[in-house]
Amino acid sequence: MKRRDIIKRLGFLPLGAGVFGSMLPFSAARGESTRTQGAKRNLLKELGIRTFINAAGTYTAMTASLMHDEVMEAIEQSAKEFCMLEEVQDKVGEKIAKMVHAEAAMVTAGAFSALTLGMAGILTGADQKKVKQLPHRLEESGMKSEVILQKAHFDGYEHALANTGVTIIPVETAEDVDRAVNEKTASMHFLNWHAPEGKIQHEEWLALAKKHNLPTSIDIAADVPPVSNLWKFNDMGFSFVALSGGKAICGPQSAGILMGKKDIIAAARLNNFPNSVTIGRGMKVNKEEMLGMYAALDRYINQDHDKEWKMWEDRVKTITSEVEKINGVTTTVTVPPIANHNPKITISWDSNKIKLTRRDLGRKLRKGSPSIEVMSWGDDQHSIDLTVFMLKSGQDKIVAKRLREELSGGNV
Ligand SMILES: *Cc1c(COP(=O)(O)O)cnc(C)c1O
């Protein structure tokens with residue numbers, strides 16, 4: 001067979017396994033070349049992970065918040081260098097402490113671990129033997145073992161303190177506190193966002209602690225804005241303050257800040273990674289998150305908060321004015337006074353006119369394109385709640401449009 005004939009014949013050959021197989025490296029090579037030409041892989045798409053417009057809020061399960069460019073830059077730069085972890089914590093902690101009016105500060109794996117480590121610091125002080133003992137047999141090792149908390153301040157997060165081995169003692173009045181204090185009492189804890197429901201407010205709580213010579217702690221995890229809350233409780237004199245980094249501050253989701261008295265922060269660090277026989281060894285924060293947390297806090301403190309609030313109000317207006325065009329729909333806007341202090345929209349509808357429940361609407365928004373999450377859990381009431389502070393620019397219009405479509409049954 002002449003060479004020309006062979007080529008001719010091959011051209012008419014059916015796509016057998018041999019031919020098909022020989023083409024595989026070609027397509028793989030093509031894929032490779034598109035990537036090197038600049039088209040980045042999108043792992044979210046590749047793995048089929050649903051992304052959505054977050055009109056719900058900084059919920060941990062929804063990955064809470066998105067990081068700004070300054071934070072990503074801090075992460076990217078530091079990812080390419082080695083440093084001593086303790087030196088990063090020293091330098092970042094020093095800067096953060098100044099920013100929040102605290103004697104000392106450290107980056108933790110969220111507010112939850114800040115609570116555990118701060119508590120551990122109170123219990124052990126600088127005693128290495130005690131550090132190794134936590135969370136077991138506190139009393140045998142000469143440690144205190146009880147923490148006083150107002151009944152109204154139980155919300156589940158006190159578990160972070162209990163993880164050190166302490167027992168939480170509930171109280172209601174100042175007299176209860178006086179009765180509860182004994183030789184086992186380690187500290188008095190306060191949950192900021194439940195303050196209005198408690199009988200004892202911050203100043204009186206601190207005065208009682210002073211009277212009994214006890215350290216104090218406060219959980220302000222989700223309590224910025226206002227930005228002034230970053231230093232308010234340090235100024236008041238709480239021994240340690242726990243803050244989430246990945247909520248409204250938009251730091252890395254797995255980061256948080258423990259701030260307060262020098263001795264407590266130093267002791268908290270003894271109880272933390274990279275030290276191995278500690279309660280905090282599993283609460284590792286990498287250098288990227290430490291620096292990312294610092295970058296996020298710096299940006300947050302220096303941003304124009306009035307301008308941001310105005311932007312939220314504009315978004316609220318975009319959404320409420322659009323859905324109010326529908327017969328039977330009303331809206332109200334409220335701002336929680338403490339914790340997640342930003343405008344919350346409640347959209348309610350007349351169930352005689354619109355046959356939808358809260359869950360129905362939530363499901364339709366989730367399944368729509370683009371997918372949208374609102375606060376749709378709870379009973380079958382005829383209303384839905386949403387926030388605008390986690391929206392990206394322009395998404396308020398999309399949310400408004402989708403809500404109008406679903407609430408009007410497609411008759412827009
Ligand atoms: C979110 C939250 C926490 C936990 O914060 P993380 O940063 O997720 O660890 C603790 N307490 C309260 C009141 C919270 O809202």
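Where is Pro226 found? Pro226 is in the loop between strand S6 (216-219) and helix H11 (229-236), and one of the views below looks at its peptide bond. Please keep in mind that this is a predicted model.

**View 1. Two cis peptide bonds precede prolines in loops.** Pro225 and Pro226 are joined by a cis peptide bond, with omega about 0 degrees. The bond from Phe273 to Pro274 is also cis, and omega there is near 0 degrees. Look for Pro274 in the loop between helix H12 (262-270) and helix H13 (287-302).

**View 2. Asn213 and Cys250 have positive phi values.** Asn213, a residue other than glycine, has phi near 55 degrees. You will find Asn213 in the loop between helix H10 (202-211) and S6. Its relative accessible area is 69%, so Asn213 is exposed. For Cys250, phi is near 60 degrees, and the residue sits in the loop between strand S7 (240-244) and strand S8 (256-260). Cys250 is buried because its relative accessible area of 9% is under 20%.

**View 3. Nonpolar residues gather in separate cores.** The largest nonpolar core has 46 residues, and those with the most contacts inside it are Trp205, Leu230, Ile249 and Met259. A second, separate core of 29 residues includes Val316, Val323, Val399 and Leu403. In soluble globular proteins, nonpolar side chains tend to be buried together. Back in the largest core, Ile249 makes a good centre for a close-up. Leaving aside neighbours within four places in sequence, the contacts of Ile249 include Val224, Leu230, Leu243, Met293 and Tyr300.

**View 4. Phe112 and Tyr157 form an edge-to-face pair.** The structure holds seven aromatic pairs. In the one shown here, the ring centres of Phe112 and Tyr157 are 6.3 Å apart and the planes are at 70 degrees, so the pair counts as edge-to-face. Phe112 belongs to helix H6 (residues 110-124), while Tyr157 is in the loop between strand S3 (146-150) and helix H8 (159-162), 45 residues apart. Phe112 is partly exposed, at 32% relative accessible area; Tyr157 is partly exposed too, at 42%.

**View 5. Trp312 and Phe389 make a buried aromatic pair.** This pair is edge-to-face, with 6.0 Å centre to centre and 85 degrees between the planes. Trp312 lies in helix H14 (residues 305-323) and Phe389 in the loop between strand S12 (383-387) and helix H16 (395-407), so the pair ties together parts that are 77 residues apart in sequence. Both residues are buried.

**View 6. Four aromatic residues form one cluster.** The members of this cluster are Phe190, Trp205, Phe233 and Phe238. Trp205 may look familiar: it is among the residues with the most contacts inside the largest nonpolar core.

**View 7. A nonpolar patch lies on the surface.** Leu43, Leu44, Leu47 and Ile49 make up the patch, with about 390 Å² of accessible area together. Leu43 is in helix H3 (residues 43-46) and is partly exposed, with a relative accessible area of 48%. Leu44 is also in contact with Thr51, a residue of the loop between H3 and strand S1 (53-54). Thr51 contacts Ser371 as well.

**View 8. Trp377 sits in a loop.** The loop in question runs between strand S11 (372-373) and S12. Trp377 has 40% relative accessibility and so counts as partly exposed. Not counting residues up to four places away in sequence, Trp377 touches Tyr59, Met62 and Arg358.

Notes:
Residues are numbered from 1 along each chain as its sequence is written. This is a predicted model: local features need pLDDT of at least 70, side-chain atom pairs count only at pLDDT 80 or more; totals for chains, interfaces and linings use all residues. Side-chain values use heavy atoms; hydrogens and water are left out. Patches are made of residues with over 30% relative accessible area and no salt bridge: like charges are joined within 9 Å, nonpolar side chains (Val, Leu, Ile, Met, Phe, Trp, Tyr) within 5 Å. Accessible areas come from the Shrake-Rupley method with a 1.4 Å probe; for residues, only the protein chains shown count as cover. A salt bridge is a side-chain nitrogen of Lys or Arg within 4 Å of a carboxyl oxygen of Asp or Glu. Helices (H or I, at least four residues) and strands (E, at least two) are DSSP runs, numbered from the N terminus. Buried means under 20% relative accessible area, exposed over 50%, partly exposed in between (1.4 Å probe, protein chains only). A nonpolar core is a set of buried Ala, Val, Leu, Ile, Met, Phe, Trp, Tyr and Cys residues joined through side-chain atoms within 4.5 Å. Contact means heavy atoms within 4.5 Å. Rings of Phe, Tyr and Trp (its six-membered ring) pair if their centres lie within 6.5 Å; planes under 30 degrees apart count as stacked, over 60 as edge-to-face and the rest as tilted.
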